[in-house]
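This report covers selected features of a single protein model. It takes up backbone geometry, the nonpolar core and one helix pair.

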Amino acid sequence: MRWENLTEGPSGPAALFGAGAVVTRTIDTPEFRGITFHEVRARSIVNRVPGASRMPFEWTVNPYRGCSHACVYCFARKTHSYLDLDTGLGFDSQIVVKTNAPELLRRELAAPRWTGAHIAMGTNVDCYQRAEGRYRLMPGIIEALRDRANPFSILTKGTLILRDLPLLREAAEVTEVGISVSVGFTDTALWRTVEPGTPSPAARLNAVRTLTAAGIECGVLMAPVIPFLGDSPAQLRATVRAVAESGATSVTPLVLHLRPGAREWFTAWLGEHHPHLVERYERMYAGGSYAPTWYQRMITRQVHELAAEFGIGPARRGAARSIAAPERPDGSGPARATQLTLL
């Protein structure tokens, strides 16, 4: 790993970490067995999304690199190559922890140049992956955003978000907060093989139920819909029905996309577990990282029809990141709600 290219020194102000700021730890407990943590002191934490990105938000905060969720399709795998880390097993087990994220965020939010723009979290790797149970970075991050009344949103597969429910409710009283939980399917056999490090789909939907019961509206990003493995009419129906029963305010489907880094790892997994599908995937994704438009539209139409049938849709673009408007401080009624865009 070429940490020297990413710390202060010859690389100058573009360095990601301060000099001598990397501490590597292995923790031999059942929860973290096989995982190595690289604790770093980051030089910045609020990141601008590249202009060429298809994401609709401009700023993100990512307290971790790498993800123990080990989703075989994760588009963020390529980012591990920037650190000379493996984008396969290395992405799943070599986790970079920005230990100074909360204090750094407070400083950057207080800077005169910062204008209070919306900040998205969980859009690269999950900020509520297992490492968060040890390092507890998110409470400080949410507190910093709350104290500046800075709007934010969180996308997660992690049920650990419930730990921070009181802080989320406090933040929602002073700013726009959007929560979305990712549940692409409810097929448990598929879940065990493609998302082995995540809480089960049922556990995630229970988290949605808990959030909504606490007054925080929560949408579901139905992602990814996996061609030929999770896209049958029966599977789509079962997933949308479960989403509706969880009390989710919206459901937004997103078909699997395979960017470089993720594509190679997913293809290797496919060859091992479903070799008969390799050729079909090569044809479907011959045009690039995304499934053909006709297929995406077909899935979206089916999910929207099911959502309407079960009384939750179809979702408007971005509805998955909405939250109920808090009462005005003077008690005169709800403040104006704002839809926060995810897709």
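## Backbone geometry

P224 lies in strand β10, which spans residues 218-225. The model is a predicted one. The peptide bond that leads from A223 into P224 is cis, and its omega is near -10°.

Two residues other than glycine have a positive phi. For A70 the angle is near 60°, and for F228 the value is about 70°. A70 sits in the loop that runs between β5 (64-65) and α1 (89-93), whereas F228 belongs to the loop between β10 and α8. The table sets out the two residues.

| Residue | Phi | Loop | Relative accessible area | Class |
|---|---|---|---|---|
| A70 | near 60° | between β5 and α1 | 13% | buried |
| F228 | about 70° | between β10 and α8 | 25% | partly exposed |

A70 counts as buried because its relative accessible area of 13% falls under the 20% cut-off. F228, at 25%, is partly exposed because this value lies between the cut-offs of 20% and 50%.

## Nonpolar core

The largest nonpolar core holds 89 residues, and the members that touch the most other members are M121, I154 and F266. Which residues does F266 touch, leaving aside those up to four places away in sequence? They are V72, Y73, I226, L256, L258 and Y281.

I154 also takes part in a pairing of C-alpha atoms with I179: the two atoms are 5.1 Å apart, although 25 residues separate them along the chain. I179 is placed in strand β9, residues 177-182. The relative accessibility of I179 is 0%, so this residue is buried.

## Packing of α8 and α11

Helix α8 covers residues 233-245 and helix α11 covers residues 293-309. The axes of α8 and α11 are 9 Å apart and meet at an angle of about 45°. The two helices, α8 and α11, are therefore oblique to each other. Their crossing, that of α8 and α11, is right-handed.

On the α8 side, the contact is made by L236, R237 and V240. From α11 the contributing residues are I299, Q302, V303, L306, A307 and E309. Sorted by class, this contact of α8 with α11 comprises six nonpolar residues, one polar residue and two charged residues.

How values were computed
Residues numbered from 1 in each chain as written. Predicted model: local features only at pLDDT ≥ 70, side-chain atom pairs only at ≥ 80, totals over all residues. Heavy atoms only, no water. Core = buried A, V, L, I, M, F, W, Y, C linked by side-chain atoms within 4.5 Å. Buried < 20%, exposed > 50% of the residue type's maximum accessible area, 1.4 Å probe, protein only. Contact = heavy atoms within 4.5 Å. Axes fitted to C-alpha atoms, helices over the stretch in contact; angles between N-to-C directions. Helix = DSSP H or I, 4+ residues; strand = E, 2+ residues; numbered from the N terminus. Parallel < 35°, antiparallel > 145°, perpendicular 65-115°, else oblique. Left-handed = near helix turned anticlockwise from the far one by under 90°. Nonpolar A, V, L, I, M, F, W, Y, C, P; charged D, E, K, R; others polar.
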